[in-house]
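Trainee: I would like to learn how to read a protein model. Where should I look, and in what order?

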Amino acid sequence: MNKEAELTLHYDVEKFRSQFPVLSRVVNGKQLVYFDNGATTQKPSLVIDSIVNYYSSYNANIHRGVHTLSQEASAAYENARKKVQNHLGATSDQEVIFTRGTTESVNLVAHSWLRDRLNAGDEVLITGMEHHSNILPWQVLCEEKGAVLRVVPVTDSGEIEFSSLSEYFTPKTKLFAFTHVSNTLGTINPAKEMISLAHAHNIPVFVDGAQAVPHMWVDVQDLDCDFYAFSGHKVYAPTGIGILYAKSARINEMIPYQSGGGIIKTVKFEKTEYIDGALKFEAGTPNIEGAIALGVALDYVSAIGMKSIAAHEHELLIYATEQLKKINDIRFIGTSPHKAGVISFIVGNIHPFDLGTILDQQAIAVRTGHHCTQPLMQRFGIPGTVRVSFGLYNTKLEIDLFMRALEKALKMLS
Amino acid sequence: MDIAAIENEIIEEFDMFEQWDDKYQYIIDLGKSLAPMNEGWKSDERLIKGCQSRVWLFSELQEGNVIFHADSDAIITKGVVALLVRVLSGHTAKEIVDAPLTFIDKIGLKQHLSPTRANGLVSMVKQMKLDALALSAKN
C-alpha cells in the first residue's frame, strides 16, 4: 500500500462519531465534549465488539493447546501482531513485541537491552520535552550504573534545536531516547533527521511514539529507528496493551526481562533455553483480547486513512488556535509550526485546575496539570497548563462549545 | 456553634443555589475573600502536596482551641479550603478529630474530596486532624 497516496475523499466525521458509543454521553446535564485524547482515546464499537466476541466465541489460552479454541485464539493473537507489523512497516512480525503500553516498552528496552551495555561514566541522551515515562526508566538505570542522563534543551517555541543536536552526541552516548510527538506541546519532532544524525555517531535510538501513532503514518523502516513504542489505548484500542518494535539486530541482542511460561524451548533446573523472536519477551499469559482489539483498532484507523485523520486534526488545530488567540492574556505553551492536534495554554494567572474544574461542569473534558512532564513545566516556569487534544471524531462545533464554556469559566474566575 | 451546626449552616447556604454556576461562583468568591496567608508561613513543611493545586496549612492553639490558617494557589481549592477552615477552626482537638464532615458530600462537592490525585484536599482534611492531635498532645 502506498501510504502517502491515501486520502479519504470525504471525511464523514458524523459517521465516525456515531461509531463511538461514549460520545453520546451526557455529563452534568450537557452533551460531552471529549478533548482529552492525548490521555486516552474513546473506543469504536468495532473494537469493543471484538473483545466481547473473543470472550463469547473463542476464549482460550494461546500457544499451548491443540484444541480448536486455542488454535483460533493463537491465530487471532498472531494475526494482530502481523497487523501491527504492517501498520508500522516493520520487516518481520518477530520485531513486534506486545507489552502493556509505552511505559512497559521503555522499561523493557532499559532492562533487556541497555542494562548490559551501560557502564559507569556512559551517557543516555533524552530531550527536555519527555514524558516522565521516557525519563524515569533511564534515570533509574543511570543511577544504578553510575552513568549520566543528559538532556537536549527545548527552545521557547517548544522545539529541539536541530542545528545543535550533534553537540550532545559523544563517544559515551549509549542511547538517544526521544518522543516523536510531545504530549504537552504537540511538537512533531523531525524524527527521521534526528535518528539519522544519531546513527551517524553510531548511537542507537529509541522513539516514544505514544502521541504519534494515533495521528500520523509511522514507518519504522523509513525512520530507521532501533526501537519504537506506542500504547494501544491512545489509538482507539483498549488499555493494557502496547507495542515495542525492535529492529531484528536489536531484538537478537535483548535478553528476557521477565521469565516464565510460554517463552522457553526447554527448562531444566541447570539451564533454560529460550525461544527466539518476539514471544521471548511475552512471558505468562498475555493480554490476548487487548492484542486482538489493537489489531481491529489499527484496521479501523487505516480504513479511514491516517493521512485523512492527520488532515482533519490539523484543521481542528488551526481553527481552535485561531479562536483561542482572541482570549486576553492567553499564553500558548508550544508554538512550533509542526504540531499534532494538541494545544497547551494558560490564561493570565488563573490556575489550570480552576479552568479545568469549571470546564468539566460544562461537560468539556480537557487535561489540566503538568501532563507528566514536570521538567518541561519548570522550563517554562509554570505549574501546569490546560491541554486540549483532538481525536479523529472531534468537530469545529465542539470547539465552538468549548470556546463558549471557556469564556464563561474565565468570566467566573477573573 | 459546634461543628455540626456550622456544617448545617453551610448546607442551608448551598441549598439556595439551583444552578451549578451560582454554586461555583460562591466557592470562587469564598476563595477570593479568604484572608491571604502570611507569605512567611508558606514554607515547604506546611505545603500539602496535591498533583495539581497546592495547599498550605498553618495550625496553632489559642485558649485550648485549634485555629487553622490555610491558602491555595488554585481559587476553587481555596474556596473549599475556606469552608473547611470555617467548619473546623476554633474547636477543640477532640471535636475536630471526631468530625465526620458530611457537609462536603451534601453540598455536592464530593468530587473535590475524592482521593484522586487532582488536588490536596483529602490530605488537607487528614493534616488538619493530625495537627489538632499534635497540638493537643503538646499542650
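Mentor: We will go from the whole chain to its domains, then to helix pairs, and last to single residues. Keep in mind that this is a predicted model.

Trainee: How many helices and strands are there in chain A?

Mentor: Chain A has 13 helices and 17 strands. Its radius of gyration is 22 Å, close to the 22 Å that the globule rule gives for 414 residues, so chain A is as compact as a globular protein of that length. Along the principal axes, its C-alpha atoms fill a box of roughly 70 × 55 × 40 Å.

Trainee: What share of the residues in chain A is buried?

Mentor: Buried residues account for 49% of the 414 in chain A. You can also ask how far along the sequence the contacts reach. Of the contacts in chain A between residues at least 6 apart in sequence, 72% join residues at least 24 apart.

Trainee: Which domains does the assignment give for chain A?

Mentor: The domain assignment gives domain 1 as 3-43 + 305-413 and domain 2 as 48-302. Notice that domain 1 is written as two segments. The centres of the two domains, taken over C-alpha atoms, are 27 Å apart.

Trainee: How many residues of each domain are in contact with the other?

Mentor: In chain A, 29 residues of domain 1 are in contact with 32 residues of domain 2. On the domain 1 side, H10, strand E14 (342-347), helix H12 (374-380) and strand E17 (385-389) each supply at least two residues. H10(A) gives the largest share of that side, five residues. By class, the domain 1 side has ten nonpolar, twelve polar and seven charged residues.

Trainee: And between chains, how many residues does the contact take from chain A and from chain B?

Mentor: The contact takes 13 residues from chain A and 14 from chain B. On the chain B side, helix H2 (20-33) and helix H3 (75-88) each supply at least two residues. The largest share of that side, five residues, is from H2(B). The chain B side divides into seven nonpolar, five polar and two charged residues.

Trainee: Now helix pairs. At what angle do H9 and H10 of chain A pack?

Mentor: For any pair, look at the angle and the distance of the axes, then at the residues that meet. Helix H9 (residues 288-304) and helix H10 (residues 306-324) of chain A pack at about 70°, with axes 5 Å apart. An angle from 65 to 115 degrees counts as roughly perpendicular, and H9(A) and H10(A) are therefore roughly perpendicular to each other. A:Val301, A:Ser302 and A:Ile304 in H9(A) meet A:Met306, A:Ser308 and A:Ile309 in H10(A). The residues of this contact are four nonpolar, two polar and no charged.

Trainee: Are H4(A) and H5(A) roughly parallel or roughly perpendicular?

Mentor: The axes of helix H4 (residues 102-114) and helix H5 (residues 136-145) of chain A come within 8 Å and cross at roughly 30°. Angles under 35 degrees count as roughly parallel, and therefore H4(A) and H5(A) are roughly parallel to each other. H4(A) brings A:Val106, A:Asn107, A:Ala110 and A:Leu114 to the contact, and H5(A) brings A:Pro137, A:Trp138 and A:Leu141. Six of the contact residues are nonpolar, one is polar and none is charged.

Trainee: Let us turn to single residues. Why does B:Ala99 count as buried?

Mentor: The count of C-beta neighbours decides. A residue is buried if 20 or more other C-beta atoms lie within 10 Å of its own. B:Ala99 has 21 C-beta neighbours inside 10 Å, so B:Ala99 counts as buried. B:Ala99 sits in the loop between helix H4 (93-98) and helix H5 (103-106) of chain B. Leaving out residues up to four places away in sequence, B:Ala99 touches B:Ile3 and B:Leu88.

Trainee: Which phi does B:Leu101 have?

Mentor: B:Leu101 has a positive phi of about 50° although it is not a glycine. B:Leu101 lies in the loop between H4 and H5 of chain B. With 17 other C-beta atoms within 10 Å, B:Leu101 is partly exposed.

Trainee: Where is A:Asp224 found?

Mentor: A:Asp224 is in the loop between helix H7 (220-223) and strand E9 (227-231) of chain A. A:Asp224 is not a glycine, yet has a positive phi of about 65°. With 15 C-beta neighbours inside 10 Å, A:Asp224 counts as partly exposed.

Terms used: Residues numbered from 1 in each chain as written. Chains lettered and ligands numbered in written order. Predicted model: local features only at pLDDT ≥ 70, side-chain atom pairs only at ≥ 80, totals over all residues. Axes fitted to C-alpha atoms, helices over the stretch in contact; angles between N-to-C directions. Helix = DSSP H or I, 4+ residues; strand = E, 2+ residues; numbered from the N terminus. Parallel < 35°, antiparallel > 145°, perpendicular 65-115°, else oblique. Contact = placed C-beta atoms within 7 Å. Nonpolar A, V, L, I, M, F, W, Y, C, P; charged D, E, K, R; others polar. Rg over C-alpha atoms; globule rule 2.2 N^0.38 Å. Buried ≥ 20, exposed ≤ 12 C-beta atoms within 10 Å, placed from the backbone. Domains from an automatic or database assignment.
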